[in-house]
Amino acid sequence: MRVDFDPETMRGADFYRFLTSVVIPRPIAWISTVTPDGSTENLAPHSFFSIASTDPPIVQFTSIGRKDSLRNVEDTGEFVVNFSSEPLLRLINATATDFPRSVSEFDFAGIDREPSLRVRPPRVAASPVVLECRSHTTLRMGNSTLVFGRVLHAAVHEDHIVDGRPGSARLLPLTKLGGDEWGTLGEVLHLSRIPYEEPRP
C-alpha cells in the first residue's frame with residue numbers, strides 16, 4: 001500500500017521536505033559571488049544544481065527565494081561553482097547559514113580564497129574543481145529562480161586528474177539528501193551502455 005502526498009493540499013514547506021527527500025542524492029554547487037562594489041564576497045551551497053548544456057557549456061543552480069547568491073549574480077553577472085568535496089563538509093555547512101548580505105561567509109568560516117582567472121568572485125582554494133561562470137539567463141519559476149551560467153574557465157587540482165579528467169574516487173563528491181542528511185560517494189558501479197544494433201535481414 002502506498003501513502004499519498006498531494007501538493008495541492010499540503011503546505012509548501014511540507015511538500016518541499018517531501019521532494020528533497022525523494023530527489024536524492026543531489027550534487028551541491030558551492031557558489032561564490034561578490035557584491036557590486038566588491039566589498040563583500042558571498043559563499044553559499046545550493047543543492048538544486050545540474051548541467052544545462054554542454055555546447056556551449058552551461059551549468060544551472062536554483063535559488064529558492066531571493067538569496068544573496070542570486071542578488072549578486074543579477075548585479076554582477078558572475079559566479080563561481082566550487083566543487084563540494086567530502087573533506088569540506090563542515091565548512092560547506094557553516095556557509096549554509098542565512099547571513100546578512102554584508103557578512104562574508106569566507107571570513108566567518110575562515111575559508112581560504114584564491115583569485116579566479118576570468119571572473120571577479122574568488123574561488124575556494126581547497127575545492128578540487130572550480131567553474132568560473134558568466135550569467136547566461138535567469139528564469140523565475142514560482143518561489144524560485146533558475147540561474148544559468150556559461151562556463152568561461154574550469155580548473156582542477158592536478159592530483160584529482162585520472163586519465164585526463166577528474167576522477168570521482170579522488171574528488172570524493174558530497175551530496176545532499178533529505179533534511180540534515182548528507183551523502184558521500186559510496187560504492188561505484190561500472191556498467192557500459194548497450195549499443196543499439198540494426199536487426200539483420
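**Surface patch and salt bridges of the predicted model**

Leu19 is partly exposed, its relative accessible area being 41%, and the residue belongs to helix H1, which spans residues 12-22. In this predicted model, Leu19 joins Val22 and Val23 in a nonpolar surface patch whose accessible area is about 250 Å² in total.

Helix H1 also holds Asp14 and Arg17, which are 3 residues apart and therefore separated by about one helical turn. These two side chains form a salt bridge in which the closest N and O atoms are 2.3 Å apart, and both partners are partly exposed, Asp14 at 26% relative accessibility and Arg17 at 45%. Asp14 and Arg17 are further linked with Arg11 in a network of salt bridges.

Over the whole structure, 9 salt bridges are found. Among them is the pair Arg66 and Glu74, with an N to O distance of 2.5 Å; Arg66 is partly exposed at 39% relative accessibility, and Glu74 is likewise partly exposed at 39%. Another joins Asp107 to Arg113, with the closest N and O atoms 2.7 Å apart; here Asp107 counts as exposed at 53% relative accessibility, whereas Arg113 is partly exposed at 33%. The mean positions of the 21 positive and 26 negative charges of the protein chain lie 3 Å apart.

The chain comprises 5 helices and 14 strands, and its C-alpha atoms fill a box of roughly 70 × 50 × 30 Å along the principal axes. Of its 201 residues, 38% are buried, while the accessible surface amounts to about 12600 Å², with 53% belonging to carbon and sulfur atoms.

Definitions and conventions
Residues are numbered from 1 along each chain as its sequence is written. This is a predicted model: local features need pLDDT of at least 70, side-chain atom pairs count only at pLDDT 80 or more; totals for chains, interfaces and linings use all residues. Side-chain values use heavy atoms; hydrogens and water are left out. Patches are made of residues with over 30% relative accessible area and no salt bridge: like charges are joined within 9 Å, nonpolar side chains (Val, Leu, Ile, Met, Phe, Trp, Tyr) within 5 Å. Accessible areas come from the Shrake-Rupley method with a 1.4 Å probe; for residues, only the protein chains shown count as cover. A salt bridge is a side-chain nitrogen of Lys or Arg within 4 Å of a carboxyl oxygen of Asp or Glu. Helices (H or I, at least four residues) and strands (E, at least two) are DSSP runs, numbered from the N terminus. Buried means under 20% relative accessible area, exposed over 50%, partly exposed in between (1.4 Å probe, protein chains only). Lys and Arg count as positive and Asp and Glu as negative; His and the chain ends are not counted. The place of a charge is taken as NZ of Lys, CZ of Arg, CG of Asp or CD of Glu.
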